[in-house]
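Reader: I've got a model open on my screen and I'd like to learn how to read its features. Can you walk me through it?

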Amino acid sequence: MAMTGGINIAMKVPSHQYEAVVAFYRDTVGLEPFDEKAPAKGFILGPNRLWIDEAPNFSQAEVWLELFTDDHEAALGGLAEKGVVRCDAVEDLGEGFRGGWIMNPANIVHMVRTPDAW
């Protein structure tokens, strides 16, 4: 059940703050933007990718992290055996996606997936 950090960091931002947050990373900080998965806006963050996702039903921003594994079923099963909470209802990943969602003890969402899950 070996896992490593993934390259994606998702920031889920309420609609009323979304444009200001995108402008902050684009105009104030000056990160290089990309839009591979529109409508999500993305920025190059060193070796990582920072995704800014509009979350209309959120009252405050959240940061979601990613973990890679070669065997998502074994990893998710092993985490469940250790009492880790699954939270697949937070966002639909589609049929056949090789991964799932978990939460750490502080309720930070993590995607656990194979590197080629998409």
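Author: Sure, let's begin with strand pairing: two strands pair if DSSP finds at least two bridges between them. Keep in mind that this is a predicted model. Here, β6 and β9 run parallel and are joined by four bridges.

Reader: Which residue in β9 is the bridge partner of F68?

Author: That's R113. R113 in β9 also stands opposite G99. That second contact belongs to the pairing of strand β8 (residues 99–103) with β9, which is antiparallel and runs over five bridges.

Reader: And what goes on between the strands in the hairpin of β8 and β9?

Author: There are five residues between the strands, and N107 takes a positive phi near 65° in that hairpin.

Reader: Is strand β9 enclosed or open to the outside?

Author: For this one you need a cut-off: buried means under 20% relative accessible area. Five of the five residues of β9 (residues 109–113) are buried, so the strand is largely enclosed by the rest of the structure. Look at the side chains, too: V109, M111 and R113 point one way, while H110 and V112 point the other way, and all are buried.

Reader: Okay, let me try another set of strands. How do β2 and β5 run, parallel or antiparallel?

Author: Parallel: six bridges join strand β2 (residues 8–13) to strand β5 (residues 48–54). Strand β4 (residues 41–45) is joined to β5 by five bridges, and those two run antiparallel. W51 is a handy landmark in β5: A10 has W51 as its bridge partner, and G42 has W51 as its bridge partner as well.

Reader: What links β4 and β5?

Author: They form a hairpin with two residues between them. In the turn, G46 has a positive phi of about 60°.

Reader: Now for the rings. How should I describe a pair of aromatic rings?

Author: You give the distance of the centres and the angle of the planes. This structure holds four aromatic pairs. One of them is F24 with Y25, at 5.0 Å centre to centre with 85° between the planes, which is edge-to-face. F24 is partly exposed, with a relative accessible area of 40%, whereas Y25 counts as buried at 17%. For W64 and W101, the ring centres are 5.1 Å apart and the planes are at 70°, so that pair is edge-to-face.

Reader: Where do W64 and W101 lie?

Author: W64 lies in strand β6 and W101 in strand β8, so the pair ties together parts that are 37 residues apart in sequence. Both W64 and W101 are buried.

Reader: Which residues form the aromatic cluster?

Author: F24, Y25 and F43 form one cluster.

Reader: Which charged residues lie over the face of a ring?

Author: Look for K12 over the face of W64, at 4.4 Å from the ring centre. You can also find R49 over the face of F34, at 4.4 Å from the ring centre.

Reader: Last one, the outside. Which residues make the nonpolar surface patch?

Author: V63, L65 and I108 make it, and the patch is about 200 Å². V63 lies in strand β6 (residues 62–69). With 39% relative accessibility, V63 counts as partly exposed. That brings us back to β6, the strand that runs parallel to β9.

Note on methods: Residues numbered from 1 in each chain as written. Predicted model: local features only at pLDDT ≥ 70, side-chain atom pairs only at ≥ 80, totals over all residues. Heavy atoms only, no water. Patch = residues over 30% accessible without salt bridge, like charges linked within 9 Å, V, L, I, M, F, W, Y side chains within 5 Å. Areas by Shrake-Rupley, 256 points an atom, 1.4 Å probe, with all protein chains shown as cover. Salt bridge = Lys/Arg side-chain N within 4 Å of Asp/Glu carboxyl O. Buried < 20%, exposed > 50% of the residue type's maximum accessible area, 1.4 Å probe, protein only. Phe/Tyr/Trp six-rings, centres within 6.5 Å; stacked < 30°, edge-to-face > 60°. Lys NZ or Arg CZ within 6 Å of the ring centre and 35° of its normal.
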